[in-house]
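Subject: Structure handover

Hello,

Here is the structure I promised to pass on to you. Please have a look at it first, and then read my notes below.

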Number of protein chains: 2
Amino acid sequence: MKNYSRQREAILSVISSTDTHPTADWIYTEVRKLIPNISLGTVYRNLADLRQSGMVLSVDVGDGKEHFDYDTSPHLHLSCKACGKIIDARLKSDPIASLSEDYGFVPEIPVYVVRGYCAACKSNSLNPQ
Amino acid sequence: MKNYSRQREAILSVISSTDTHPTADWIYTEVRKLIPNISLGTVYRNLADLRQSGMVLSVDVGDGKEHFDYDTSPHLHLSCKACGKIIDARLKSDPIASLSEDYGFVPEIPVYVVRGYCAACKSNSLNPQ
DNA sequence: TTTAAAATCAGTAACGATTACTATTTTATT
DNA sequence: AATAAAATAGTAATCGTTACTGATTTTAAA
């Protein structure tokens, strides 16, 4: 991602224009309204670049598709298994306990995923992304 | 999942025999040591059944594959982006803050996913899985 | 400006995890 | 045992994503 490209700018503008958590395919159809002949591969490649550079966030809610988020500030995603909606939530004291009170959201199974680097790997400075 | 099947029993025994978080493919190769001509489709179908019935847990760490967990008790999964290892962790007071202290684990981006049912859908009793 | 190297592109083929399909076998019930 | 429902093996298809290739665009320097 060394050079400017009109395509990447359009992709970023599409992501920043929504407060949903769009998939690559949705972004593709939207960005084609700006650049009709843009390639799906281009969308995927630029999304990977934007994610790697930290400009957008990758959200995995377990529906088999990668979702993207323009908001990179610390927050939780409440993903509803019924309607698929992804709700942005902010941390307070105990994030788990306050979910029902604050959002009326019932966590299905109290198992959560935290991604990062384990003790063995965090000192290993050759970790990409 | 109304009738007994030797295949499902073998699949469950394979999952229960490890404390890793195996994928369908790993389970397939392992269970073939017990039932050499078992079909990959059978593995997938039974895993879906076991997950639906709550006997195993589905873990999505964002590597494009579904992982399974025999331990259905409340815990977090710390997935290392470098080595792919999935570490089981237990909640204390503030799950986020204590991660570095307790496990030496550095969360990459403080955004977490919680799956469940939103306020609109939780009263809707026709929600599968 | 012209130019050349590097980066990016469009288009398409390939990939891998998962799901769907079908004819056959197994299970539970009579 | 006879029957119907459920589960199977094997294979084909699906779908999100990645890889490839030759053409185009961008950058930086002459």
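**Contacts with DNA strand C**

An N or O atom in the side chain of A:Ser39 lies 2.9 Å from a base nitrogen of DNA strand C; a polar contact here is a pair of N or O atoms within 3.5 Å. The elements giving two or more residues to the surface near this strand are helix 1 (6-16) and helix 3 (40-52) of chain A, plus helix 3 (40-52) of chain B. Helices are DSSP runs of H or I with at least four residues, numbered from the N terminus. Helix 3 of chain A gives the most, with three residues.

Before going on, please note that this is a predicted model, in which local features need pLDDT of at least 70 and side-chain atom pairs count only at pLDDT 80 or more, while totals for chains, interfaces and linings use all residues. Residues are numbered from 1 along each chain as its sequence is written, chains are lettered from A and ligands numbered from 1 in the order in which they are written, and side-chain values use heavy atoms, with hydrogens and water left out.

In addition, the side chain of A:Gln7 has an N or O atom 2.9 Å from a sugar or linking oxygen of DNA strand C. For A:Asn3, a backbone N or O atom is 3.1 Å from a phosphate oxygen of the strand.

How many residues surround DNA strand C? There are 20, and the closest are A:Ser5, A:Thr42, A:Arg45, B:Tyr44 and B:Glu66; a residue is near if one of its heavy atoms lies within 4 Å of the strand.

Best wishes

Technical notes. Polar contact = N/O pair within 3.5 Å; in protein donor to acceptor, adjacent residues only side chain to side chain.
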